[in-house]
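Trainee: Could you take me on a close look at one part of this model, and then follow the thread outward from there? I would like one connected account that I can read alongside the coordinates.

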Amino acid sequence: MAWEQAEVRTLKEGRYLNIEDEPCKIVSISTSKPGKHGEAKARIEAIGIFDGNKRSVVYPVKHKVQVPMIDKRQAQIVSVLGGAEVQLMDLETYEMFTLPIPDELKDSLQPGEDILYLIAMGRKKITKV
């Protein structure tokens, strides 16, 4: 299981949430007061980790949502493959794998450097050098 359940009222900005089966980082949360016949609702705006799309949802504050398990790890760059991909070796498990290079890091990756990457819902992404 790559996620756990949490109530909407326990979420905070900067944490993560699954929206449409996409792990997203929460940008803002605003709650409304309960109405005469209803309960308080929370409007959550988030940005997808892997696709960068902005998403917003409205849930009752007692609603249970999926929170993805985010694993942050270190890896060493073994080689840069054609400027679009990079071959990495995990520094804990010594596993070798290939990831696409994010646009903001295209010119700064060199073999031998250590990078941080994250794993969420079975997918990986380079976060910083």
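Mentor: Let's start with Asp-90, which sits in strand E8 (residues 85-90). Keep in mind as we go that this is a predicted model. Is Asp-90 buried or exposed? Asp-90 is buried, with a relative accessible area of 0%; the cut-off for calling a residue buried is under 20%. Its side chain has a polar partner: the side chain of Asp-90 reaches the backbone nitrogen of Thr-93 at 3.0 Å. Setting aside neighbours within four places in sequence, Asp-90 is in contact with Arg-73, Gln-74, Ala-75, Glu-95, Phe-97 and Tyr-117. If you want to display that environment, those six names are a handy selection.

Tyr-117 makes a good bridge to the next residue. Tyr-117 is in the contact list of Asp-90, and Tyr-117 is also touched by Lys-125. The place of Lys-125 is in strand E11 (123-128). Here the accessibility is of another class: Lys-125 is partly exposed, with a relative accessible area of 28%. Not counting residues up to four places away in sequence, the contacts of Lys-125 are Ile-49, Phe-50, Leu-99, Tyr-117 and Leu-118. With Ile-49 there is a polar contact as well, since the side chain of Lys-125 reaches the backbone oxygen of Ile-49 at 2.8 Å. For a C-alpha check, Lys-125 and Asp-103 are 22 residues apart in sequence and 12 Å apart in space.

Two of the residues touched by Lys-125, Ile-49 and Leu-118, lead us to the largest pocket. About 310 Å³ of space lies in that pocket. Which residues are closest to its centre? Of the 15 lining residues, they are Tyr-16, Lys-25, Ile-49, Leu-118 and Thr-127. Strands E3 (22-31), E4 (41-48), E7 (71-81), E10 (114-120) and E11 (123-128) are the elements that each give two or more residues to the lining. By residue type, the lining divides into 8 nonpolar, 2 polar and 5 charged.

Lys-25, one of the residues closest to the pocket centre, takes us on to Gly-14. Gly-14 touches Lys-25 and Ile-26, leaving out residues up to four places away in sequence. Gly-14 is found in the loop between strand E1 (3-7) and E2, and at 35% relative accessibility it counts as partly exposed. The C-alpha atoms of Gly-14 and Ala-46 are separated by 9.2 Å, with their positions 32 residues apart along the chain.

Ile-26, the other residue touched by Gly-14, belongs to the largest nonpolar core. That core has 15 residues, and those touching the most other members are Val-8, Leu-11, Leu-17, Ile-19, Ile-26, Ile-44 and Val-65. E2, E3, E4 and strand E6 (64-68) each supply at least two residues of this core, and E4 gives the most, with 3 residues. Ile-44 is a useful place to centre the view: beyond four places in sequence, it touches Val-8, Leu-11, Leu-17, Ile-26, Ser-28, Ile-29, Arg-55, Ser-56, Val-57 and Tyr-59. A second, separate core of 13 residues includes Ile-77, Ile-115, Tyr-117 and Ile-126. So that brings back Tyr-117, the contact of Asp-90 with which we set out, where Asp-90 itself is buried at 0%.

Let's finish around strand E2 (16-19). Asn-18 has its place in E2, and Asn-18 is buried, with a relative accessible area of 7%. Apart from residues up to four places away in sequence, Asn-18 touches Trp-3, Pro-23, Gln-66, Pro-68 and Met-121. In the loop between E2 and E3 come two residues to look at on a backbone plot. Glu-20 lies in that loop and has a positive phi of about 55° although it is not a glycine. Asp-21 is found there too, and its phi is near 60°, again a positive value in a residue other than glycine. Are these two buried or exposed? Glu-20 is exposed, with a relative accessible area of 68%, and Asp-21 is exposed at 60%.

Methods: Residues are numbered from 1 along each chain as its sequence is written. This is a predicted model: local features need pLDDT of at least 70, side-chain atom pairs count only at pLDDT 80 or more; totals for chains, interfaces and linings use all residues. Side-chain values use heavy atoms; hydrogens and water are left out. On a 1 Å grid over the protein atoms alone, a cavity is a set of points where a 1.4 Å probe fits but cannot get out, and a pocket is an open set with protein on both sides within 12 Å along at least five of seven lines; lining residues have an atom within 4 Å of a point. Grid points are joined across faces, edges and corners, and a volume is the space filled by probe spheres set on the points. Helices (H or I, at least four residues) and strands (E, at least two) are DSSP runs, numbered from the N terminus. Ala, Val, Leu, Ile, Met, Phe, Trp, Tyr, Cys and Pro count as nonpolar, Asp, Glu, Lys and Arg as charged, and the others, Gly among them, as polar. Buried means under 20% relative accessible area, exposed over 50%, partly exposed in between (1.4 Å probe, protein chains only). A nonpolar core is a set of buried Ala, Val, Leu, Ile, Met, Phe, Trp, Tyr and Cys residues joined through side-chain atoms within 4.5 Å. Contact means heavy atoms within 4.5 Å. A polar contact is a pair of N or O atoms within 3.5 Å; within protein, one must be able to donate a hydrogen and the other to accept it, and residues adjacent in sequence count only if both atoms are side-chain atoms.
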